[in-house]
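Please work through the exercises below with the coordinates open beside you, and try each task before reading its solution.

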Amino acid sequence: MASLPHGFEEPGDVEDIRLVVDTIPTLAWSAGPDGSADFFNQRWLDYTGLSAEQALGWGWEVAIHPDDLPRILETFREALKSVKPFEVEGRFRRFDGEFRWFLFRASPLRDQSGKVAKWYGTNTDLGERKRAEDALRKSEERWRSVFENSAIGVALTDLKGRYLATNHVYQAMVGYTEEELRARCFLDVTHEDYRETNWALITELVEGKRRQFQIEKKYRRKDSSLIWVSNNVSLVPGTERVPRFIMALSEDITQRKRAEEALQRSEAYLAEAQKLTHTGSWVWNVRTDALFWSQEVFRIYDYDPEKMAHPTWDFFERVHPDDRPKFEQRKKRMASTPKEWADSEIDFRIVLPDGTIKHLHSIAHPVIESGDEVVGTVMDVTKQWKARAELENAFEEIKRRTEALRRSEAYLAEAQKLTHTGSWAVRVPQMENAQREAGQGLAVIPRFGWDASYWSKEMYRIFGLDPGPTPPSYMEVVQRLHPEDAPYNTSVVEQAVRDRTDFEIDYRLLLPDGTAKYIHVVGHPVVNASGDVIELFGTAMDVTEEHEARAALQTAFEQLKAEETELRRMTDAIASFIYVFRPDGTALYANQVVLDYTGLTLEDVQGEDFPARIFHPEDVERLLDKRHEALARGKPFELEKRWLGKDGKYRWFLVRYNPLRDDQGNIIRWYATGTDIEDRKQAEERMRDENLALREEIDQAFMFEDIVGSSPALQTVLSSIVKVAPTDSTVLITGETGTGKELIARAIHKHSQRSGQAFISVNCASTPSSLIASELFGHEKGAFTGAVQRRQGRFEMAHSGTIFLDEVGELPAETQIALLRVLQERQFERVGGNRIIPTDVRVIAATNRDLTAAIAGGTFRADLFYRLNVFPIEVPPLRKRKEDISMLVEYFVKRYAEKTGKQIRKIDKNTLELCQSYPWPGNIRELQNIVERSVILSSGDTFLIEKAWLASVQPPRQESAGPLPHTLQNQEREMIEAALAECKGKVAGSEGAAAKLGIPRSTLDSKIKQLRIKKHRFIPKQ
């Protein structure tokens, strides 16, 4: 019978069962009792790609991985022997040759007698499970690697805080082993100060009130030492197999905490250092415009940090106005320029609310990393700034002296050559100092270690040696010394080293050609901090010529000495002070009278400090400067000076200087004589004091000698004069005609700092409008018809003084503009010129017009009014000064009586009452005129005024409550039109409207233009 496809040889009812087995989703097979396969389902055959014939029996072994086949066969054979089910894992080959992991399972089927009738098995694909297991294993390995190799400590605890697991970093952090930690709770290693807070956070974590928390606390290690840690604690959800647990990630922050404490101390030190150095720090975020200031910045800018929580750029208001432009420019540059720009520095000033000015120095630095911030410092350098000028002067002096030193070195070399003087330096060995300390002497000149360290060129010439790269040796120098002078030289040098004092030596040199030179040496020891002499330096001068001439000169000196002695006896006998000075003014001689008066010796007089010792302290600098200038001129001069006597008192002397010249006209001596003028000086001083007191009395008595009165209204005006006079402020004097406005202006000038300069008065109403500009500002030649030469204006004539502009309200519009420029810019131009002329003039203006109404009417500029009206003074009319009328009457009566030569002894009582009751519309000018007329007509010794003279005068105008511009314009229009109608449209001339109205033609033309009056309609038609 043919075999079935799957290995069954018997046909029958099992066909349906085979179909079922072929469709199940697994690889199934069966084998006989000996283990040889007798059936494979279709899925098994499809998977392996084998036919039933190839797989039956033991042919299936070809589908097992060679490495796994021995193990699987051994397991199968043991199962056949033990007749027990088995399972084994191995790699099974697919039809495409790929091996996959499978689980091989088989179970025996027994017959009724208990013997194995069949083995039934399945092959289950384990690929997905194997991959999952591999992934799980790798995940566990990675987690364990992370757990063990983490750079921070990891601790796992249960919900009660008992340790479950820790990594080695955590164990090293607390100093316990993992076994020791498993027996503890995390609170055991937590510092007692943090346990309560820490456990409260754990409780909230377990109760679900928070997912995690972070805490910084202290751990107490096993060795009882303390460390700071930062714990990031979270609750790990549990699984079916693993309950919930707590995981803490711990980081040792001990160093960070120490750094923070050090930073806090550093910040405190920095704040104190900033306070001590007056240096503050700041940060500006360019993007948000936010500012941060240190405490010192608040102090520097004088702001209260509690009131100014967030600094703003409002502090810019305290920057000095002159420095704001460069401060703004710097801010814009910091905000707009890329952050690669270099640091910037700026010096600026601030003005505090109390007016104090501070000088500040600020440095700004961009933070490249952030790109939005600029950090900087600001230092209060007010003290440094004040000292800068002195330092700069000192630096200039140092520079000058350094340059002078360089020149002096060249001069010194030339001078040494001319004077046959060389300079030298010699090192002193330390053993010589040791001998000096031990009290041992130097028997001979030392031979070793005393070589020269420096020789000038002139030293080589003096000793007849050739200059070399180094100074000559000791032996070379000794060979030139005269044998008789060497021991003496040794003792002098020894004494200088022992006593650390300067020394001088004269010795002879013997040159190779047999000639001798006489040398004069001056030396100075250099002592170190230990008191040892380490070096000698000095000069050597060839004095051979001087030595040879000394004998010849000695006789001459003896003779001169005798003559000098005789001359001094003669000068000592003269009662006056007698001096002899060198050409540069240094003293050579003073006679005995000078020495007796001063109590000084001749050596004292010859000293450089002689003037400072005897001159009065107030005279020293002044007299020395004058004396130096006079000596430089080379002409006779005299000075008055105070000299200190030996009695401690100063007396005045007149000292006359006369030069003595040689045949070439050069000054070789100055001779001076001093005369006591103390009595004259005291008399002059008394006279000066008396004159000063008298002048003060006169000024006090006649301060306002031309202004008469004591009424409160006048006293107010006088008080204003006293206050404004010392200043340079512009003054505007207003008041009715005849109130004495010019007297007020002259009083202001007289008591100002310009009183010694000119007072120029200009009546703006009396000058034609076409010439007023030339009158005020001058004109150039040819500026207009009739300008035949250049002419200075009143402003030029008043330079450094005061100009008084009377009737300023009558100025034409174009002149008002020019005057405004003078007031604003302090400069002007002549008419017809283009050169700007600066002016320093105080302006006082006066008017009897209502300038407010004139501004409203358009005839006067408002800006000019505000420039003039800096200090207004209103002069009251006489009707408001009734208390002053009797005093004024007496003043004018006396004045005109003396002028006319009349004797008026009293004033009629009725006349005074009449004057008191009269309103005086013409004010003081009217009163003055009436008194003058009455004095002229008076024939007796009693002054009186005719009542009729006062009755004919128009009644006083009503006081207006305020400016009425429209009413005034209407009245002016009516008056001008009436005058034009009467004069038939004629304006100028004696019969013109201007003369009829009593005003200048220019003023009338301006009024006609302002009021828009058509004057042509008043001209009769032909």
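The exercises that follow concern a predicted model and move from the whole chain to single residues.

**Exercise 1. The chain as a whole**

Establish how many helices and strands the chain has, what share of its residues is buried, and where pLDDT falls under 50.

Solution. Begin with the secondary structure, which comprises 37 helices and 34 strands. Next take the burial, for which 38% of the 1022 residues count as buried. Then consider the contacts between residues at least 6 apart in sequence, of which 52% join residues at least 24 apart. Finally turn to confidence: the average pLDDT of the chain is 82, and 88% of the residues score at least 70. Residues 1–13 have a pLDDT below 50, and in the model this stretch makes 26 contacts beyond near neighbours in sequence. Residues 692–704 also stay under 50, with 7 contacts beyond four places in sequence.

**Exercise 2. Helix α17 and the residue after it**

Compare the span of α17 with its expected value, list its buried residues, and describe the backbone at the residue that follows.

Solution. Helix α17 covers residues 486–499, which is 14 residues. From first to last C-alpha it reaches 20 Å, close to the 20 Å expected at 1.5 Å a residue. The buried residues of α17 are Asn-489, Thr-490, Val-492, Val-493, Glu-494, Ala-496 and Val-497. After the helix comes Arg-500, with a positive phi near 55°.

**Exercise 3. Two further positive phi angles**

Which phi values do Val-83 and Arg-1012 have, and is each residue buried, partly exposed or exposed?

Solution. As background, most residues other than glycine have a negative phi. Val-83, which is not a glycine, has a positive phi of about 50°, and its place is in the loop between α4 (69–82) and β3 (86–93). Because its relative accessible area is 21%, and buried means under 20%, Val-83 is classed as partly exposed. Arg-1012, likewise not a glycine, has a positive phi of about 55° and lies in the segment after α37 (1001–1010). Its relative accessibility is 75%, so Arg-1012 counts as exposed.

**Exercise 4. The second largest pocket**

Determine the volume of the second largest pocket and describe which residues and elements line it.

Solution. The volume is about 580 Å³. The lining of this pocket consists of 26 residues, and those nearest its centre are Gly-738, Thr-739, Gly-740, Lys-741 and Leu-743. Two or more lining residues come from each of α25 (741–750), α31 (882–900) and α33 (923–937), and α25 gives the most, with 5 residues. By class, the lining divides into 10 nonpolar, 7 polar and 9 charged residues.

**Exercise 5. The surroundings of His-320 and Met-797**

For His-320 and Met-797, find the location, the accessibility and the contacts beyond four places in sequence.

Solution. His-320 sits in the loop between α11 (295–301) and α12 (324–336), and because its relative accessibility is 13% it counts as buried. Leaving out residues up to four places away in sequence, His-320 touches Arg-349, Ile-350, Val-351 and Ile-357. Met-797 belongs to helix α27 (residues 794–797), and its relative accessible area is 41%, so Met-797 is partly exposed. Apart from neighbours within four places in sequence, Met-797 is in contact with Ala-758, Ile-760 and Gln-792. As a last step, compare sequence with space: Met-797 and Leu-776 are 21 residues apart in sequence, and their C-alpha atoms are 9.5 Å apart.

Methods: Residues numbered from 1 in each chain as written. Predicted model: local features only at pLDDT ≥ 70, side-chain atom pairs only at ≥ 80, totals over all residues. Heavy atoms only, no water. Expected span 1.5 Å × (residues − 1). Buried < 20%, exposed > 50% of the residue type's maximum accessible area, 1.4 Å probe, protein only. 1 Å grid on protein atoms, 1.4 Å probe; cavity = no way out; pocket = protein on both sides within 12 Å on 5 of 7 lines; lining within 4 Å. Points joined across faces, edges and corners; volume = space filled by probe spheres on them. Nonpolar A, V, L, I, M, F, W, Y, C, P; charged D, E, K, R; others polar. pLDDT = per-residue confidence, 0-100. Contact = heavy atoms within 4.5 Å.
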